[in-house]
Amino acid sequence: VQFGTGAFLRGFVDAFIDAANRRGQFMGRVVAIGSTGSGRDRAFVDQDGLYTLIVAGVEHSVAVNERRIIGSVSRAVSATSQWDDVLALARDESISVVFSNTTEAGIALDVRDATTPISDATTPYSYPAKLTRFLFERATAFDFDAKHGLVVIPCELIEANGDKLEALVREQAALWSFDARFGEWLTAAVPFCNTLVDRIVPGTPNAEQHQRLQADLGYHDALLTMAEPYALFAIEGDTALADRLGFIDDTGIIRVVPDVRPYRERKVRLLNGTHTAMAALGVLAGVTTVHDAMNTPAMASMLQHLLRQDIVPMIDVPQAAEFAESVLDRFANPQVQHRLTDIATQGTLKWKVRLLPVLQRHAESAERTGQPLPTALVVALAAQLYLAHPTERARRAEVGIPRFSDDAGELVLAHWVRSGASRMGVFVDAVLGDVALWDADLRELRGLVPALTESLQRLHHDGILALLSAALVTS
């Protein structure tokens with residue numbers, strides 16, 4: 001089963017299971033569980049679980065344009081309206097793996113689950129609570145027999161995602177006062193795997209592109225999915241786990257490795273961190289897609305500088321510089337129209353996870369050397385914070401830029417409102433000092449307060465492109 005019906009799982013996990021089935025290797029299918037009200041579970045039902053995957057771009061200097069029907073999803077159910085069916089899946093002996101992709105914000109408990117009595121008819125609010133209830137249903141259905149355990153493989157981009165998800169499941173089980181045998185069963189039968197996932201899988205193509213592709217295909221597909229050729233799925237474990245999973249091949253795309261941390265560090269800082277910076281810069285500039293951003297000279301130059309000069313020197317992983325260059329090539333892929341508003345979702349939290357550690361490392365170095373903080377990183381932070389500015393929000397609504405959710409951005413908005421929309425110094429002092437937002441007092445980072453204040457002032461008065469141009473001159 002997989003918790004999630006979005007494009008990433010369709011272009012990643014479901015595609016890999018489909019490929020394994022075609023090799024005669026896995027010989028199983030996926031039940032997708034939807035819980036966001038997107039309606040994709042209904043689309044899966046309408047299309048008998050089938051959808052088209054288009055893989056397009058350049059790989060190893062060879063053009064790729066592959067189209068195939070993915071048949072690995074048997075059906076989809078709604079956690080909201082079909083919770084009994086979800087629990088029935090937990091009692092199915094043939095289920096062996098649980099995947100998920102609920103974004104970084106999804107690996108967290110919801111206080112409402114602690115106060116809501118658990119019952120078969122009640123759908124828990126958070127993903128960890130849903131998983132806890134699912135696993136408890138399975139454990140009790142098979143009398144806590146370890147032979148009926150599951151492998152849990154989260155695909156969320158947070159550090160030690162498997163470890164954190166397991167801790168939350170155990171915490172939720174304690175809140176619900178589950179039988180102590182449940183914890184013992186988890187230890188004996190349910191490995192929670194730390195993972196690193198890497199593939200650019202945009203959301204559903206925009207209406208114009210979708211219509212053009214469907215005309216070319218000759219049929220309607222509400223779940224049409226596009227992906228780049230590159231893919232890497234690193235799963236932390238041993239050979240016994242690899243044998244248990246049953247879908248690992250010899251291509252190197254899916255790897256069971258003893259430690260995923262180097263893979264994660266390289267990808268999260270270089271690809272995801274740059275994506276996050278690009279999204280904020282691009283939305284402010286009215287740029288629509290990643291490809292468009294890379295064709296905007298000032299923006300492309302700033303992103304190249306961010307990757308090569310600001311991030312690569314601060315990460316200790318193999319082939320960082322080579323990977324950075326491959327990231328730039330992947331961003332330039334014209335076949336994958338990745339919308340910046342999709343990437344901007346939960347952008348403030350993503351900035352904290354992906355780029356703040358790099359900024360903190362530079363600040364530590366600045367304490368020793370007296371060098372200023374990197375201009376590109378400061379500009380990226382200014383852009384992220386300015387997305388929550390009331391004037392900027394009103395501008396996006398006026399010109400029809402699609403809305404995107406950013407829970408931590410609401411805290412930034414509150415600081416803008418309290419500080420006054422043009423009192424940059426007051427705002428910077430307040431927002432950087434918000435320990436609840438950053439888990440640190442960022443005012444302590446050498447040189448950040450004046451550098452960020454200056455960037456925000458220029459951004460507010462002159463716009464993002466003027467800020468980028470000025471920053472490129474001084475970097």
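**Group meeting: the sheet and the two cysteines**

I'll start with the sheet: five strands form an open sheet in the order E5-E2-E1-E6-E7, with parallel pairing. Strands pair here if DSSP finds at least two bridges between them, and strands (E, at least two residues) and helices (H or I, at least four) are DSSP runs numbered from the N terminus. This is a predicted model, where local features need pLDDT of at least 70 and side-chain atom pairs count only at pLDDT 80 or more, while totals for chains, interfaces and linings use all residues. Residues are numbered from 1 along each chain as its sequence is written, and side-chain values use heavy atoms, with hydrogens and water left out.

Which strands are at the edges? They are E5 (73–78) and E7 (151–154), each pairing on one side only.

Further in, E1 (residues 2–3) runs parallel to E2 (residues 30–34), and two bridges join them. Gln2 has Ala32 as its bridge partner in E2.

Now the helix. H6 (residues 127–141) lies across E1, E6 (97–100) and E7, and runs at about 170° to E6. That angle is taken between N-to-C directions on a scale from 0 to 180 degrees, with axes fitted to C-alpha atoms, for helices over the stretch in contact, meaning heavy atoms within 4.5 Å.

Last, the cysteines. How many disulfides are there? Zero, counting a pair of cysteine sulfur atoms within 2.5 Å as a disulfide. For Cys155, the nearest cysteine sulfur is that of Cys193, 10 Å away. Cys155 is buried (under 20% relative accessible area; exposed is over 50%, partly exposed in between; 1.4 Å probe, protein chains only), at 2%. Cys193 is also buried, at 3% relative accessibility.
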